[in-house]
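User: I would like a close look at one part of this model, namely the loops and what is found in them. Could you take me through it slowly, in connected sentences?

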Amino acid sequence: MQTLKALRDIAFDIGTGKHPDLAAMARELGRVVRRDGPLLDQGLAYLRNRQRGFERWLLAERGKPALSMLVMAWPANHATPVHDHGGLWGLELALHGALEVQAWSRDPADGALHLKGQDWLGPGDATWFDADTTYTHRCRNLSRHDAALSLHVYGGDLAQYFAYEQVGQAEPWLARPQRAAIAGRLGA
Ligand SMILES: [Fe+2]
């Protein structure tokens, strides 16, 4: 699909160096997603209709400079735990539907997490974070009825990361190692 190729080219182009210009990447990716919205919706409809739960699809990867691109399929109401990104920079952009992104900050001294704020992303809207081990977030599909799709760009292969969980309000946060499974590869 031409649109996926255009998105990959933008990410590969801008996603270089230790601190790529993620605001520029978000702007350029968002422009293509808004321009080609109906085409994208049509081309990726099968990812929304699979009914297999939350899935991560690999769109592209590069070794040097390291970068990976994924499309994620969110069932209605699906929410992630608070999680980090293995210290990689990253960008998340809504393709279809709307997502809520709660940003949290993790105190490296005691491991406590603090809510920093939240964003709501519609198609073409993005949020991003620099390479930083204290940044964590929790994302949710805002729809109770429809699946959502999002595009993710990371400064490397996000195979392992941590999810954070608090059993009770006064309890310490627990870090649980996660393995990021891939449902398959998308052609671009
Ligand atoms: Fe994330």
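Analyst: In this predicted model, P65 lies in the loop between β1 (55-62) and β2 (67-74), and a cis peptide bond, with omega of about -10°, joins K64 to P65. It helps to keep a general background in mind here: most peptide bonds are trans, and most residues other than glycine have a negative phi.

With that in view, consider the loop between α4 (45-48) and β1, where Q51 is placed. Although Q51 is not a glycine, its phi is positive, at about 60°, and Q51 counts as exposed because its relative accessibility is 73%, where exposed means over 50%. Further along, the loop between β2 and β3 (82-83) holds N77, a residue other than glycine whose phi is also positive, near 70°. N77 counts as partly exposed, because its relative accessibility is 43%.

The loop between β3 and β4 (90-96) leads us to a metal site, which deserves the same care. The iron ion is coordinated by the NE2 atoms of H83, H85 and H137, at 2.1 to 2.2 Å, and along the chain these donors follow the spacing H-x1-H-x51-H. Distant parts of the chain are thereby linked, since H85 is in the loop between β3 and β4 whereas H137 is in strand β8 (residues 135-141), 52 residues apart. H85 counts as buried because its relative accessibility is 3%, and H137, with a relative accessible area of 1%, is buried too.

Definitions and conventions. Residues numbered from 1 in each chain as written. Predicted model: local features only at pLDDT ≥ 70, side-chain atom pairs only at ≥ 80, totals over all residues. Heavy atoms only, no water. Helix = DSSP H or I, 4+ residues; strand = E, 2+ residues; numbered from the N terminus. Buried < 20%, exposed > 50% of the residue type's maximum accessible area, 1.4 Å probe, protein only. Donors = N, O, S within 2.8 Å, 3.2 Å for Na, K, Ca; no water.
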